[in-house]
Amino acid sequence: MTKKTDIFVAIDTQSLENAKKLVNQLSNRHCGIKIGKELFTSCGPEIVQWVKDEGFKVFLDLKFHDIPNTVMKACEAASRINVDIINVHTLGGKEMMLAAKNAVSNQQIKLIGVTLLTSHSHDFIKEVGFNGSIDDCVKRLAINAAESGLDGIVCAAPDIPNLRKYMPSNFIFITPGIRLGKINNDDQKRASNPIDAVNFGSNILVIGRPITGDLNPHEALLNVYNQLNN
Ligand code: C5P
């Protein structure tokens with residue numbers, strides 16, 4: 001492993017108290033914080049500012065997917081609340097992604113496209129009537145994201161080797177669905193362990209329940225961090 005991979009811990013809770021307690025057990029030297037729909041809908045932009053004030057990088061994972069004008073306005077609003085990473089669904093299409101890109105004028109903020117969710121399996125592709133395999137679908141969505149000027153994508157770690165060659169060299173690959181040891185996969189269908197994810201080429205690992213559900217979240221985080229940095 002030559003390249004540094006960052007860890008973002010997903011704080012998925014509706015309780016401000018639990019969120020703060022969890023964040024206080026982590027260290028900004030070892031991770032950033034991912035704030036998703038559950039926490040943001042419950043606690044709003046104030047929690048984002050609080051996490052930033054604690055010195056953490058913030059990935060605001062709201063996965064915007066709407067008509068281009070609405071996504072553009074939402075991205076403008078997200079840019080104003082001082083986050084480091086925001087995202088949209090690539091399934092929203094190129095016109096929507098281009099509108100999002102135009103809304104994020106601050107170069108420090110990375111705009112990321114979610115391809116297929118890591119909870120999606122081949123059954124999902126069939127259910128919605130898409131043609132081709134999961135790999136075909138993810139590749140098409142990733143190319144659309146790159147062509148729309150996005151900075152990177154969220155995908156399952158095993159997808160990365162098939163995608164790298166089609167993407168710009170500085171493209172960012174963010175991978176959720178990370179599982180440690182023998183812990184169960186919950187609803188994640190295409191999971192990887194941290195070392196495999198890095199070897200596949202992941203730049204940022206998103207890890208939720210395997211860290212936040214541990215009796216000692218800080219120790220669980222350090223365990224992953226040390227695996228990546230040894
Ligand atoms: O608890 P777990 O590690 O499964 O959490 C994964 C986090 O990453 C959740 O917050 C989920 O919303 C998010 N995520 C995902 N798959 C994607 C994009 C985001 O699991 N494709």
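## Around the ligand

A polar side-chain atom of Arg209 comes within 2.7 Å of one of the ligand's oxygen atoms, or, put exactly, lies 2.7 Å from it. That is a good place to start looking in this model, which is a predicted one. Taken on its own, the ligand exposes 470 Å², and 87% of that is buried by the protein. Three elements each give two or more residues to the shell around the ligand: β3 (58-64), β8 (204-207) and α10 (209-212).

Arg209 has company. The shell is made up of 16 residues, and the closest are Asp12, Lys34, Arg179, Gly208 and Arg209. From the side chain of Asp12, an N or O atom sits 2.7 Å from a ligand oxygen. Gly208 uses its backbone instead: an N or O atom there is 2.8 Å from an oxygen of the ligand. By residue class, the shell splits into seven nonpolar, six charged and three polar.

## Strands β6, β7 and β8

Now for the strands, with β8 coming up again. β7 (residues 172-175) pairs with β8 in the parallel sense, over two bridges. Here Thr175 has Leu205 of β8 as its bridge partner. β7 also pairs with strand β6 (residues 152-154), again in the parallel sense, this time over three bridges. For Val154, the bridge partner in β7 is Ile174.

Which way do the side chains of β7 point? Ile172 and Ile174 go one way, while Phe173 and Thr175 go the other. In a regular strand, side chains alternate between the two faces of the sheet. All four of these β7 residues are buried, whichever way they point.

## The cysteines

How many disulfides does the model have? With a disulfide taken as two cysteine sulfurs within 2.5 Å, the count is zero. Cys31 is in none, and the nearest cysteine sulfur to it, that of Cys43, is 18 Å away. Cys31 also counts as buried, because its relative accessibility is 5%, and the cut-off for buried is under 20%.

Why is Cys75 not bonded to Cys155? The closest cysteine sulfur to that of Cys75 is the one in Cys155, and at 19 Å it is too far away for a bond. Cys75 is buried as well, with a relative accessible area of 0%.

Technical notes:
Residues are numbered from 1 along each chain as its sequence is written. This is a predicted model: local features need pLDDT of at least 70, side-chain atom pairs count only at pLDDT 80 or more; totals for chains, interfaces and linings use all residues. Side-chain values use heavy atoms; hydrogens and water are left out. Buried means under 20% relative accessible area, exposed over 50%, partly exposed in between (1.4 Å probe, protein chains only). A residue is near a molecule or strand if one of its heavy atoms lies within 4 Å of it. A polar contact is a pair of N or O atoms within 3.5 Å; within protein, one must be able to donate a hydrogen and the other to accept it, and residues adjacent in sequence count only if both atoms are side-chain atoms. Accessible areas come from the Shrake-Rupley method with a 1.4 Å probe; for residues, only the protein chains shown count as cover. Helices (H or I, at least four residues) and strands (E, at least two) are DSSP runs, numbered from the N terminus. Ala, Val, Leu, Ile, Met, Phe, Trp, Tyr, Cys and Pro count as nonpolar, Asp, Glu, Lys and Arg as charged, and the others, Gly among them, as polar. Two strands pair if DSSP finds at least two bridges between them.
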